[in-house]
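Dear colleague,

Please find below the structure that I am handing over to you, together with its sequence. My notes on the backbone and on the ligand site follow it.

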Amino acid sequence: MQDKTNQPREPQGLETLGIRAGYERTAEDEHSEALFNTSSYVFSSAAEAAARFSGDSEGNVYSRYTNPTVRTFEQRIAALEGAESAVATSSGMAAILATCMALLRSGDHVLCSNAVFGSTIVMLNKYFVKMGVEVTYVPLTDNEKWRSEMRGNTRLLLMETPSNPLNDIGDLAFLAELAKQHGAKLVVDNSFCTPVLQRPLELGADIVTYAATKYLDGQGRCLGGVVLGNKEDMAEVLGFVRAAGPTMAPFNAWVFLKGLETLQLRMNAHCQAAQQLAEWLNEHEGVANVYYAGLPDHPGHDLAQRQQSGFGGVVSFDLDTPSEHAREQAWAFIDQLKLISHTANLGDVKSTVVHPATTTHSRLTDDERAGAGIGQGLIRISVGLETLTDIKADLQAAFDTVR
Ligand SMILES: *Cc1c(COP(=O)(O)O)cnc(C)c1O
């Protein structure tokens, strides 16, 4: 007789875990994962209610605390990441917020890469500084600067690699060791790589966060996030999420579960398409620079090759245009595109394009932008899974009109 509980045997490949892990079939014998779209749960008696509230009895109370669909997503992504535990959140920013709220107190110091997601910087500067947390920013790739900026009260090192939009590569093993030496924790936003391409915990990182909104969903449908790490840290993160409420919605968890089932396939296909597009752009007469770590002359190429198993799906490039016309030309280029969607999201099966200097990075001052290498002629593409010749044809039509 077949065991219908759906639990895979050991050992388990990433593809298997993405498709199977974390789910226990209900008494209905459904094949696809059930969606428990409920805000609360019924108790069989007053005594049972009391026991569930006190924690004496396991079981669901309310979906801000636990929800079976959200739990399945957490268990599946934890299996993929090789993490002890996962806590799902309402967005990628909520994952970073929950991590910081759980692990920081007034008087602590955070050392943060200056090339993290823009809202992370706003969140730290506007809210955590107000609550007495010190924050210092360092260039992602400058190991000596990371070392020299460490303080006695440094609690967290925050970074993401590859960086958005230039694909700079931070040294995970170095930063993990640095954090360890100082009794701090390394937190890695792994949204660009996913566990398919990069496994920060295996390189010594303490905590991984995701905007599930990006590649974990993969089709641009839902906002969500997740924090992964050891049981003790995740108990703290879960405590914050339960009390404060940035909980993942069950429907979103169900969508992300479906996303995880094709994650491996999609990531490999994104990498392949991005590599080919980067090489094509690199040879293109309309392009001055291409920023993709899969190109051998990218400064992070060797490091990326060591710590990633693929270079990811985001390619950025500078138009070859005099700087006084760069913005106008970049806008004209983007306005000509018909297939590639002009939208700020990334990690979608649909290719997307954005002009970082006037959108995602518009809050920076001109000097900060110049320091970060984000020029007015820079264009970021999240390479989707349409037929590559169609993507190139769309770009070529735009090159033809701006020249
Ligand atoms: C999008 C993104 C976030 C924020 O995710 P939301 O779901 O939009 O809150 C955080 N980090 C990275 C690297 C991202 O790309």
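Asn 167 lies in the loop between strand 4 and helix 7. In this predicted model, the phi angle of Asn 167 is positive, near 60°, although the residue is not a glycine. Asn 167 counts as buried because its relative accessibility is 1%, and the cut-off for burial is under 20%.

The loop that holds Asn 167 also contains two proline residues that deserve your attention. Pro 162 is placed there, between strand 4 (154-160) and helix 7 (172-181), and the peptide bond that leads from Thr 161 to Pro 162 is cis, with omega near 0°. Pro 165 is found in the loop between strand 4 and helix 7 as well. The bond between Asn 164 and Pro 165 is again a cis peptide bond, with an omega of about 5°.

As background to these entries, most peptide bonds are trans, and most residues other than glycine have a negative phi.

A positive phi also occurs at Thr 194, where the angle is about 65° in a residue that is not a glycine. Thr 194 is part of helix 8, which comprises residues 194-197. Is Thr 194 buried or exposed? Its relative accessibility is 0%, so Thr 194 counts as buried.

I turn now to the ligand. The residues around it are Ser 91, Gly 92, Met 93, Phe 117, Glu 160, Asp 189, Ser 191, Phe 192, Ala 211, Thr 213, Lys 214 and Gly 224. By class, this shell consists of four nonpolar, five polar and three charged residues.

Which parts of Met 93, Thr 213 and Lys 214 lie 2.8 Å, 2.6 Å and 2.5 Å from an oxygen atom of the ligand? For Met 93 it is a backbone N or O atom, at 2.8 Å from a ligand oxygen. For Thr 213 it is an N or O atom of the side chain, at a distance of 2.6 Å from an oxygen atom of the ligand. For Lys 214 it is a polar side-chain atom, 2.5 Å away from an oxygen atom of the ligand. On its own, the ligand has 380 Å² of accessible area, and the protein covers 91% of that area.

When you inspect the model, I would suggest viewing the cis bonds at Pro 162 and Pro 165 together with the positive phi of Asn 167, and then turning to the residues around the ligand, including Glu 160 and Asp 189.

With kind regards

Definitions and conventions: Residues numbered from 1 in each chain as written. Predicted model: local features only at pLDDT ≥ 70, side-chain atom pairs only at ≥ 80, totals over all residues. Heavy atoms only, no water. Helix = DSSP H or I, 4+ residues; strand = E, 2+ residues; numbered from the N terminus. Buried < 20%, exposed > 50% of the residue type's maximum accessible area, 1.4 Å probe, protein only. Near = heavy atom within 4 Å. Polar contact = N/O pair within 3.5 Å; in protein donor to acceptor, adjacent residues only side chain to side chain. Areas by Shrake-Rupley, 256 points an atom, 1.4 Å probe, with all protein chains shown as cover. Nonpolar A, V, L, I, M, F, W, Y, C, P; charged D, E, K, R; others polar.
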